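Colleague: Before I use this model at the bench, I would like to know what the terms in its description rest on.

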Amino acid sequence: MALVHLGIGSNLQKHKHIRAGVQALLHHSGLQAQNVRLSRVFRSAAVGFAGRDFFNLVMSFHTHVAAGQVNDICKEIEHEFGHSGQVAKFSPRTLDIDVLLYDQQVSAAPVQLPRAEILENAFVLWPLAELSPLLVHPVMNQTYARLWQNYRLEQRLEPVDFNWSLTPTSE
Ligand SMILES: Nc1ncnc2c1ncn2[C@@H]1O[C@H](COP(=O)(O)OP(=O)(O)OP(=O)(O)O)[C@@H](O)[C@H]1O
Ligand SMILES: Nc1nc2c(c(=O)[nH]1)N=C(CO)CN2
C-alpha cells in the first residue's frame, strides 16, 4: 500500500468546503483510504492575490490506488464542490485538493511529486510537518520537522478550532 499526503485548501465558504472535501475523500469508493489522519486546520492570508483568508490542512492515508488515479479522484471531488478547473492559479477557490506526496515517488508527469509547494508555502509545510514530522522529503533528504524548523515564516499562519462533525466511515 502507498502512503499518500494531500494538501487541502479553501477560501470560499471554507468550513463547508473543507468538511465536504474531507468527507468525500473518506468515503470515496474508488480510493479506499485506510489509516486516515488529519493535521490541524490552519488559517492564513491568501498568498499571491488579495482575497479572503484560506483554511488549509494536510490529510494522509494508505491506498492501493496509483498516484495518477489519486490525482484524478482529487480533481473529481474539487469539481463536485465547485472548483471549475478554469480558475486562474491565484484566485479564490471553493476547494483545492493537491497530491503532495505519494510514498517517496519523484516524478514530473502526470503528477508532480513531491509537489513543489511543500517547500514554498508554510500553509503546506506546517501541517505536513505536524502530521508526519519524521518522514523524509525524497529530494531534500531532510525530515519535514527539520524543513519546517528552518523555514523563514513571513506570512500570518495560525491553527484554528475547526468543528469537524464528520460522519463515521461505517455509515
Ligand atoms: N501533485 C499534483 N497535485 C495536483 N495536481 C497536479 C499535481 N501534479 C500535476 N497536477 C495537474 O496539474 C493540473 C492543475 O491542477 P491544480 O489543482 O494544480 O490547478 P489549480 O487548482 O488551478 O492550481 P493550484 O492547485 O496550484 O491552486 C491538473 O490537471 C492536475 O492533474
Ligand atoms: N494561504 C493560501 N494561499 C493560497 C492558496 C492556499 O491554499 N492558501 N492556494 C492558492 C492557489 O493554489 C493561492 N494562494
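The exchange below takes up the terms one by one.

Modeller: This is a predicted model, in which local features need pLDDT of at least 70, side-chain atom pairs count only at pLDDT 80 or more, and totals for chains, interfaces and linings use all residues. Residues are numbered from 1 along each chain as its sequence is written, chains are lettered from A and ligands numbered from 1 in the order in which they are written, and side-chain values use heavy atoms, with hydrogens and water left out.

Colleague: What makes the pair between S44 and ligand 2 a polar contact?

Modeller: A polar contact is a pair of N or O atoms within 3.5 Å. An N or O atom in the side chain of S44 is 2.7 Å from a nitrogen atom of ligand 2, so the pair meets the definition.

Colleague: Which backbone atom lies 2.8 Å from a nitrogen atom of ligand 2?

Modeller: An N or O atom of V47. A polar side-chain atom of N56 also lies 2.8 Å from ligand 2, there from an oxygen atom. The protein covers 92% of the 340 Å² of accessible area (Shrake-Rupley method, 1.4 Å probe) that ligand 2 has on its own.

Colleague: How do you know that the radius of gyration of the chain agrees with a compact globule?

Modeller: The rule is 2.2 Å times the number of residues to the power 0.38, with the radius taken over C-alpha atoms. For 171 residues that gives a value near 16 Å, and the chain has 15 Å, so the two agree.

Colleague: What share of the residues counts as buried?

Modeller: Of the 171 residues, 48% are buried, meaning under 20% relative accessible area (1.4 Å probe, protein chains only).

Definitions and conventions:
A polar contact is a pair of N or O atoms within 3.5 Å; within protein, one must be able to donate a hydrogen and the other to accept it, and residues adjacent in sequence count only if both atoms are side-chain atoms. Buried means under 20% relative accessible area, exposed over 50%, partly exposed in between (1.4 Å probe, protein chains only).
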